[in-house]
Amino acid sequence: MISVQNLTKNYGENKALDDVSFEVRQGEVLGFLGPNGAGKSTTMKIITGFLASTSGTVQVDGLDIQDDPMAVRAKIGYLPETVPLYTDMKVYEYLDFVGAVRGIAKEKRQGAIKHMADVCGLRDVISKLVSELSKGYRQRAALAQAMIHNPDILILDEPTSGLDPNQIVEIRELIKRLGREKTVILSTHILPEVAATCSRVIIINQGRIVASGRTDELLSGGGGKEVVQAKIRGSRDAVREALARHESVRDVKHLSDHDEGVSSFVIEVIGGADPQEIVFKIVVANNWMLLEMFKKQESLEDVFRRLTRNDN
Ligand code: ADP
């Protein structure tokens, strides 16, 4: 549905995007995740035709954004980082205005507004001034304006930024519901947002894609690291040394001390080795006691930090 190929964007000397390629399939909710300044907004502005790329192509439903910008824009609903809401209009006036700009015929606009009020939960505030709306309702109005022309694709730039936790949950639920019918790309620097709403994630850092995959796969330790946490009764230093000495152990971290000579460690082994077997054998060979052991999954947060640390 959306095909982005070799996208590069230079701002003078600064390379905001560097050879970014990805595809989005119909019906997917794709999370575009990265720290501030990674290039998320730049990518979205290029896909929506608001910004020209330095090189590379964007195709939406087989249409090239450069050759056919109006046709592409008609297929896309775009929620920019800051939405131009007209605060002195009532909500329905504002949606009517946007609908007119989007080319919806006058007689069809009322139906479109009513539909948006239902979908975005705006019925109670439809006759209020935009300036009177809470931030959560403003964001709903912003989403409604992005969708008034019933696009197949939604591109949402940081859709929950600035909202309180309750509003965040509401907007995420709304996006999830929309994702059942539409293809969605949303950008965020907030990890739980991705876990809560997206089926696939692309992690971007300094203008380059550093990881991509299904959210559940990335969440369940896509890094492929073999790590266990073990609680062992034995002399702390002796345990640590014995573990670290094993040829397949890459790293041993002492986590904490408990009562009566019991300590917890996190042990990472080299790929292919079984960390549980290694720890068990060492403990038995030394007559220590293994009180607890479990595999530690690398969280999405760990993956994100590992991939977007700029010092490596
Ligand atoms: P994100 O949305 O991930 O926070 P952006 O796409 O906004 O990142 O920015 C990517 C990079 O491009 C940053 O280094 C940013 O400073 C730079 N940048 C963005 N917009 C402009 C601009 N209009 N002029 C110059 N540099 C810009």
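**The ligand site and selected residues of a predicted model**

Good morning. The ligand is surrounded by Tyr11, Asn14, Ala16, Pro35, Asn36, Gly37, Ala38, Gly39, Lys40, Ser41 and Thr42, where a residue counts as near a molecule or strand if one of its heavy atoms lies within 4 Å of it. The model is predicted, so local features need pLDDT of at least 70 and side-chain atom pairs count only at pLDDT 80 or more, while totals for chains, interfaces and linings use all residues. Residues are numbered from 1 along each chain as its sequence is written, and side-chain values use heavy atoms, with hydrogens and water left out.

Let me stay with the ligand. By class, its shell holds 4 nonpolar, 6 polar and 1 charged residues. Here Ala, Val, Leu, Ile, Met, Phe, Trp, Tyr, Cys and Pro count as nonpolar, Asp, Glu, Lys and Arg as charged, and the others, Gly among them, as polar.

Which backbone atoms lie at a short listed distance from an oxygen atom of the ligand? A backbone N or O atom of glycine 37 lies 2.7 Å from a ligand oxygen, and one of lysine 40 lies 2.9 Å from a ligand oxygen. For serine 41, a polar backbone atom is 2.8 Å from an oxygen atom of the ligand. Taken alone, the ligand exposes 560 Å², of which the protein buries 60%; accessible areas come from the Shrake-Rupley method with a 1.4 Å probe, and for residues only the protein chains shown count as cover. Strand S2 (14–24) and helix H1 (40–47) are the elements that give two or more residues to this shell. Helices (H or I, at least four residues) and strands (E, at least two) are DSSP runs, numbered from the N terminus. H1 supplies the largest share, 3 residues.

Serine 41 deserves a further word. This residue sits in helix H1 and is buried, with a relative accessible area of 16%. Buried means under 20% relative accessible area, exposed over 50%, and partly exposed in between (1.4 Å probe, protein chains only). Leaving aside neighbours within four places in sequence, serine 41 is in contact (heavy atoms within 4.5 Å) with Glu81 and Asp157. A polar contact of 3.2 Å joins the side chains of serine 41 and glutamate 81. A polar contact is a pair of N or O atoms within 3.5 Å; within protein, one must be able to donate a hydrogen and the other to accept it, and residues adjacent in sequence count only if both atoms are side-chain atoms.

I turn now to the backbone. Most residues other than glycine have a negative phi. Glutamate 158, however, has a positive phi near 45 degrees. This glutamate lies in the loop between strand S7 (153–157) and helix H6 (165–179). Is glutamate 158 buried or exposed? Glutamate 158 counts as buried because its relative accessibility is 8%. Glutamine 206 also has a positive phi near 45 degrees, and is found in the loop between strands S9 (200–205) and S10 (208–214). At 54% relative accessibility, glutamine 206 counts as exposed.

Finally, the overall division. The chain comprises domain 1 (2–219) and domain 2 (222–308), with bounds from an automatic or database domain assignment. Their C-alpha centres lie 43 Å apart. Lysine 296, in the loop between strand S14 (289–295) and helix H11 (300–308), is partly exposed at 37%. Beyond its neighbours within four places in sequence, lysine 296 contacts Val227, Val228, Gln229 and Val266. Thank you.
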